[in-house]
Amino acid sequence: MNGAVNGPASRTLRVCALYPSRMNIYADRGNMILLERRCAARGIEFAYTAAEHGDAVDPAAHDFFYIGGGQDRDQIEIAADMRATKRAGLAEAADAGKVILAVCGGYQLLGDFYELADRRVEGLGIVDLQTVREPGPRLIGNVMIDVEVDGERRRLAGFENHGGRTYLKGEERPLGKVVEGFGNNGKDGFEGVRRDNVVGTYLHGPLLPKNTWFADHLTSLALSAGGQRAELEPLDDALELRAHECAERAAKRSHGLRARLRLGR
Ligand code: GLN
């Protein structure tokens, strides 16, 4: 079918996944599958590019950049290459208002550095944040955060597992406030980072299938043109809403468990 030039059928979501073969724990790849399926359901073309080791990124060629989580060893493996081959393109993309979504290990690498016991992994320095290991256990569990989007309070639910504690610096603002779980560092009650269309978060799950409203929010930002937010037709999300509810329930249960452990019961 030939759509009008600006009609839905002519739209293409151009996604660039960074190191998808390495940065993919807790099924973070599911975020890409979800975007692809929702585009297909709406008649939007989905153009997917993987930028692996050694590949530069062209900020003008994509609307949505994505990086998933990874183990420390994966992050150590990619950090120098990411700075050398992708930093300039990603910084330009961020300045141009492209969507950048970074999860957990990828989120940590958006910042200045990730400091481990025996080394410091330099990040991209695209957002002003620092991640350090501190004494104490890994921050693991189901998590629920409140996010303000377009003046409305919305909820994201997912799962976190990180040894690093992230601290936002300067003017950086969190993605949301922790309702249940640990968030950035288990202390300040904040989760993730959001600067314009750059989003970092510790939420796995994967994030987008459990939070389809957020997938649509990011898609509509990525497809916006001339300052005009793209409109997306609603989809039947009955199953996805149930997945979200399960994730919220799991977060509430984890909270109850943690409270009982603290009380020694
Ligand atoms: N390796 C990082 C940490 O443990 C990030 C882990 C992750 O992506 N889940 O802090």
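Contact here means heavy atoms within 4.5 Å. With that in hand, here's a quick tour of a predicted model, a chain with 6 helices and 14 strands. By that contact rule, and leaving aside neighbours within four places in sequence, Asn211 is in contact with Arg155, Leu156, Ala157 and His244. The chain averages a pLDDT of 93, and 92% of the residues score at least 70. The weak spot is residues 1–9, where the pLDDT is below 50.

**How far to trust it**

- Over residues 1–9, the model still shows 7 contacts beyond near neighbours in sequence.
- Where pLDDT is low, the predicted coordinates shouldn't be read in detail.

**The chain as a whole**

- The chain has 265 residues, and a compact globule of that length would have a radius of gyration near 18 Å; the chain has 18 Å, so the two agree.
- Measured out along the principal axes is not the only way to picture a chain, but on those axes the C-alpha atoms fill a box of roughly 65 × 45 × 30 Å.- Buried residues make up 51% of the 265 residues in the chain.
- Take the contacts between residues at least 6 apart in sequence: 70% of them join residues at least 24 apart.
- About 12,500 Å² of the chain is exposed, and carbon and sulfur atoms supply 49% of that area.
- On the charge side, there are 36 positive and 38 negative side chains, and the centres of the two sets lie 6 Å apart.

**Helix 5 and the residue just ahead of it**

- Helix 5 runs over residues 212–222 and is mostly covered, with 11 of its 11 residues buried.
- Its buried residues include Trp213, Phe214, Asp216 and His217.
- Leu218, Leu221 and Ala222 are also among the buried residues of helix 5.
- Asn211 sits in the loop between helix 4 and helix 5.
- Asn211 has a relative accessible area of 0%, so it counts as buried.

**Pro206 and its cis bond**

- The peptide bond joining Gly205 and Pro206 is cis, with omega at about 0 degrees.
- Look for Pro206 in the loop between strand 14 (198–201) and helix 4 (207–210).
- Pro206 has a relative accessible area of 11%, and buried means under 20%, so Pro206 counts as buried.
- Not counting residues up to four places away in sequence, Pro206 touches Tyr26, Ala27, Asp28, Gly30 and Asn31.
- Asn31 is 175 residues from Pro206 in sequence, yet their C-alpha atoms are 6.1 Å apart in space.

**Two tyrosines with positive phi**

- Tyr19 has a positive phi of about 50 degrees although it is not a glycine.
- Tyr26 also shows a positive value, with phi near 50 degrees.
- Tyr19 is placed in the loop between strand 1 (12–18) and helix 1 (30–42), and Tyr26 is found in the loop between strand 1 and helix 1 too.
- Is each one buried or partly exposed? Tyr19 counts as buried, at 1% relative accessibility, while Tyr26 counts as partly exposed, at 35%.
- Tyr26 is one of the residues that Pro206 touches.

**Thr201 in strand 14**

- Thr201 lies in strand 14 and counts as buried because its relative accessibility is 1%.
- Leaving out residues up to four places away in sequence, Thr201 touches Leu101, Ala102, Val103, Cys104, Tyr107, Leu175, Glu191, Gly192 and Leu207.
- Gly68 is 133 residues from Thr201 along the chain, and 9.9 Å separates their C-alpha atoms.

**Ala94 in helix 2**

- Ala94 is part of helix 2, which covers residues 72–95.
- Relative accessibility for Ala94 is 13%, so it counts as buried.
- Which residues does Ala94 touch, not counting those up to four places away in sequence? They are Ile100, Ile126 and Val198.
- Ala94 and Ala230 are 136 residues apart in sequence, and from C-alpha to C-alpha they are 19 Å apart in space.

Note on methods. Residues numbered from 1 in each chain as written. Predicted model: local features only at pLDDT ≥ 70, side-chain atom pairs only at ≥ 80, totals over all residues. Heavy atoms only, no water. Helix = DSSP H or I, 4+ residues; strand = E, 2+ residues; numbered from the N terminus. Buried < 20%, exposed > 50% of the residue type's maximum accessible area, 1.4 Å probe, protein only. pLDDT = per-residue confidence, 0-100. Rg over C-alpha atoms; globule rule 2.2 N^0.38 Å. Areas by Shrake-Rupley, 256 points an atom, 1.4 Å probe, with all protein chains shown as cover. Lys, Arg positive; Asp, Glu negative; His and termini not counted. Charge placed at Lys NZ, Arg CZ, Asp CG, Glu CD.
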